[in-house]
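Subject: Structure for you to look at

Hello,

Here is the structure I promised to pass on. Have a look at it first, then read my notes below.

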Amino acid sequence: MKDFNFYTPTRVVFGRESEEQVAQLVKNCGGSRVLVHYGGGSARKSGLLDKMVGLLNEAGIYTVELGGVVPNPELTMVRRGIELARAEKIDFILAVGGGSVIDSSKAIAYGVPYDGDVWDFWDGKAVPQSCLPIGAVLTIPAAGSEMSSSTVITNDEAGMLKRGINTDMIRCKFAIMNPERTFTLPPYQTAAGATDIMMHTMDRYFNAHQDMMLTDAIAEALLRTVKDCVIEVLEKPTDYRLRAQIMWASSLAHNDLTELGGEKDFTTHKIEHELSAMFGVTHGAGLAAMWPSYARYVMPRHVNRFVQFAVNVMGIACDYTDLEATALRGIEAMEEFYHKIGMPTSIPQLLGRPVTDEEIAEMVNKCSRGGKLAYGSLERIDAQAMTTIYKMANK
């Protein structure tokens with residue numbers, strides 16, 4: 001195992017009526033002037049937004065609201081939030097929503113104390129030195145941003161560049177999670193969220209370090225749990241037990257627990273970011289469209305790892321006379337799972353058409369920063385490999 005430093009400072013308040021504690025949690029963090037950040041109309045229609053603002057105001061906490069965050073959160077909204085937070089002397093940000101809202105809140109939190117252009121952080125020109133504290137009221141289990149160090153933003157001002165950064169300082173001070181708030185999620189969003197949750201662990205599980213027995217066992221249990229629960233919850237959307245497992249898995253999948261002793265790979269995430277940035281697709285669906293091709297590309301050189309996945313996660317009987325066939329059956333079983341929950345397994349299924357060679361070249365250029373960057377722990381994926389994987393997924 002690699003040496004590691006595991007840091008998870010987020011207080012998790014989980015369960016029915018957990019939102020009732022929001023004011024005290026904010027006060028405990030020193031918040032007195034709060035920017036309440038949210039997405040579309042669902043937070044208000046459900047009554048959750050008004051409830052959160054009401055509880056804060058009753059406790060004597062000043063609030064300002066900023067809505068309109070879109071999936072794949074955009075820099076334009078971040079700039080609006082920074083300007084508003086500065087004008088209102090905000091000292092705490094409360095994200096009410098899913099990963100996009102939380103990431104937008106994190107980006108605003110970075111930008112408020114920074115004298116330069118906030119995009120500098122994602123462009124590699126600066127490293128964050130401080131940020132406002134944030135908390136989250138989670139409504140969509142998927143991105144895991146409520147416990148992660150990650151912030152992914154799309155620069156809609158510069159050709160839809162989608163990039164991420166990681167620092168421990170931006171981890172949420174608290175995350176309120178009430179599974180009942182997910183009962184009304186549409187089936188597609190539920191399935192895409194589960195796909196994202198699983199990929200956060202799969203992009204850690206498939207790495208070059210093979211001596212992580214305990215971490216592997218945790219990762220495999222998480223993957224099996226989400227796989228089983230999402231199939232069932234699509235038929236029983238108001239089942240609290242099922243929704244609770246998925247919601248908790250969202251946090252555990254992306255708080256670094258399932259990489260301890262190894263390291264992140266995240267190649268699938270990197271190459272998918274260009275799909276969702278260019279075409280505006282749901283991130284989880286894009287991951288499902290890309291992973292089978294990535295897996296088939298790298299599997300012949302990492303057969304044992306894929307056999308372990310096939311047997312321990314997908315329930316495939318191991319053929320000891322043909323390990324590569326077992327590994328391939330594991331990938332095929334994952335594709336069958338994606339189809340069963342309504343997810344695509346190729347770019348044409350995702351978009352309704354193949355992408356052009358020119359579009360592939362543009363995605364590769366953006367992902368590799370003009371051929372300068374490669375990604376991956378299991379195997380380094382450079383611009384040439386990215387091109388091959390995109391073309392494999394385009395069939």
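One definition to start: helices (H or I, at least four residues) and strands (E, at least two) are DSSP runs, and they are numbered from the N terminus. Keep in mind that this is a predicted model.

**A loop residue**

With that in hand, find T356. The loop between α13 (347–351) and α14 (357–367) holds this residue. T356 is partly exposed, because its relative accessible area is 34% and the partly exposed class lies between 20% and 50%. Now compare its position with that of C29. T356 and C29 are 327 residues apart in sequence, and their C-alpha atoms are 50 Å apart in space.

**Cysteines**

How many disulfides does a search of the whole structure find? Zero. C172 shows this well: the nearest cysteine sulfur belongs to C29 and is 10 Å away. A disulfide needs two cysteine sulfur atoms within 2.5 Å, so C172 is in none. As a reminder, a disulfide is a covalent bond between the sulfur atoms of two cysteines. C172 is buried, at 1% relative accessible area. C229 is buried too, at 7%.

**Strand β8**

Next, look at strand β8, residues 174–177. Both of its faces are covered. F174 and I176 are buried on one side, and A175 and M177 are buried on the other. Strand β1 (residues 11–14) runs parallel to β8, and four bridges join them. In that pairing, V12 stands opposite A175. Strand β5 (residues 134–138) also pairs with β8 in the parallel sense, over four bridges. Here A136 has A175 as its bridge partner.

**Nonpolar cores**

The largest nonpolar core has 68 residues. Among those with the most contacts inside it are M202, W291, F306 and Y390. Helix α10 (residues 283–298) gives this core its largest share, nine residues. Pick out W291 and look around it. Leaving aside neighbours within four places in sequence, W291 is in contact with M199, M202, F206, T268, F306, F309, I331, M334 and Y338. Another core, of 36 residues, lies apart from the one above. It includes L66, M77, V112 and M177.

**Charges**

The whole structure has 23 salt bridges. Take E232 and K236: their closest N and O atoms are 2.7 Å apart. E232 is partly exposed at 31% relative accessibility, and K236 is partly exposed at 37%.

K264 has two salt bridges to look at. One is with D256, where the closest N and O atoms are 3.2 Å apart. The other is with E259, where the closest N and O atoms are 3.2 Å apart. K264 is partly exposed at 29%. D256 is buried at 12%, and E259 is buried at 12%. Shared partners join D168, R171, R204, D256, E259 and K264 into one network.

Last, D203, which sits in helix α6 (residues 187–205). D203 is buried. Why has D203 no salt bridge? The nearest side chain of opposite charge is that of R204, at 7.7 Å, and a salt bridge needs nitrogen and oxygen within 4 Å, so the pair does not qualify. Not counting residues up to four places away in sequence, D203 touches K264, D265, F266, T267, T268 and H269.

Best wishes

Key
Residues are numbered from 1 along each chain as its sequence is written. This is a predicted model: local features need pLDDT of at least 70, side-chain atom pairs count only at pLDDT 80 or more; totals for chains, interfaces and linings use all residues. Side-chain values use heavy atoms; hydrogens and water are left out. Buried means under 20% relative accessible area, exposed over 50%, partly exposed in between (1.4 Å probe, protein chains only). Lys and Arg count as positive and Asp and Glu as negative; His and the chain ends are not counted. Contact means heavy atoms within 4.5 Å. Two strands pair if DSSP finds at least two bridges between them. A nonpolar core is a set of buried Ala, Val, Leu, Ile, Met, Phe, Trp, Tyr and Cys residues joined through side-chain atoms within 4.5 Å.
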